[in-house]
Amino acid sequence: MERLKVVSLFCGCGGMDLGLTGGFEYLGRRYGRLPFDIIYAVDNDQYCSRIYDANFDHKCNVLDVRDIDIASLPDFDLL
């Protein structure tokens with residue numbers, strides 16, 4: 001199955017990103033890995049970003065989305 005590349009805006013602590021990527025266990029149930037890879041994540045809250053960074057291999061950019069240079073974003077399938 002083809003992996004889809006995701007840019008995550010307003011990622012917060014990463015709950016939505018975790019649900020999108022799967023590959024975790026919760027309340028005794030295993031949720032398999034899904035065909036999505038987060039290739040860029042951004043949030044303007046430095047505290048949420050620290051939690052995000054502690055739970056994902058990729059890092060969250062602490063930035064106001066209005067300051068993102070759209071042309072510099074990596075190629076993505078889902079925003």
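This report covers the fold, the surface and the aromatic pairs of one protein chain.

The model is predicted. The protein chain holds two helices and five strands. Read from the N terminus, the order of elements is β-α-β-β-β-α-β.

**Overall form**

The protein chain has 79 residues and a radius of gyration of 13 Å, which agrees with the value near 12 Å for a compact globule. Its C-alpha trace spans about 40 × 30 × 15 Å along the principal axes. Contacts also reach along the sequence. Of those between residues at least 6 apart, 57% join residues at least 24 apart.

**Surface and charge**

Buried residues account for 28% of the 79 residues. The accessible surface of the protein chain is about 5500 Å². Carbon and sulfur atoms hold 55% of that surface. Among the side chains, 8 are positive and 13 are negative. The centres of these two sets lie 7 Å apart.

**Aromatic pairs**

Which aromatic residues pair up? The structure has two aromatic pairs, set out below.

| Pair | Centre to centre | Between the planes | Arrangement |
|---|---|---|---|
| Phe24 and Tyr31 | 5.1 Å | 20° | stacked |
| Tyr52 and Phe56 | 4.3 Å | 20° | stacked |

Are Tyr52 and Phe56 buried or exposed? Tyr52 is buried, and Phe56 is buried as well. Tyr31, from the pair with Phe24, counts as partly exposed because its relative accessibility is 29%. That value falls between the cut-offs of 20% for buried and 50% for exposed.

Terms used:
Residues are numbered from 1 along each chain as its sequence is written. This is a predicted model: local features need pLDDT of at least 70, side-chain atom pairs count only at pLDDT 80 or more; totals for chains, interfaces and linings use all residues. Side-chain values use heavy atoms; hydrogens and water are left out. Helices (H or I, at least four residues) and strands (E, at least two) are DSSP runs, numbered from the N terminus. The radius of gyration is taken over C-alpha atoms; the globule rule is 2.2 Å times the number of residues to the power 0.38. Buried means under 20% relative accessible area, exposed over 50%, partly exposed in between (1.4 Å probe, protein chains only). Contact means heavy atoms within 4.5 Å. Accessible areas come from the Shrake-Rupley method with a 1.4 Å probe; for residues, only the protein chains shown count as cover. Lys and Arg count as positive and Asp and Glu as negative; His and the chain ends are not counted. The place of a charge is taken as NZ of Lys, CZ of Arg, CG of Asp or CD of Glu. Rings of Phe, Tyr and Trp (its six-membered ring) pair if their centres lie within 6.5 Å; planes under 30 degrees apart count as stacked, over 60 as edge-to-face and the rest as tilted.
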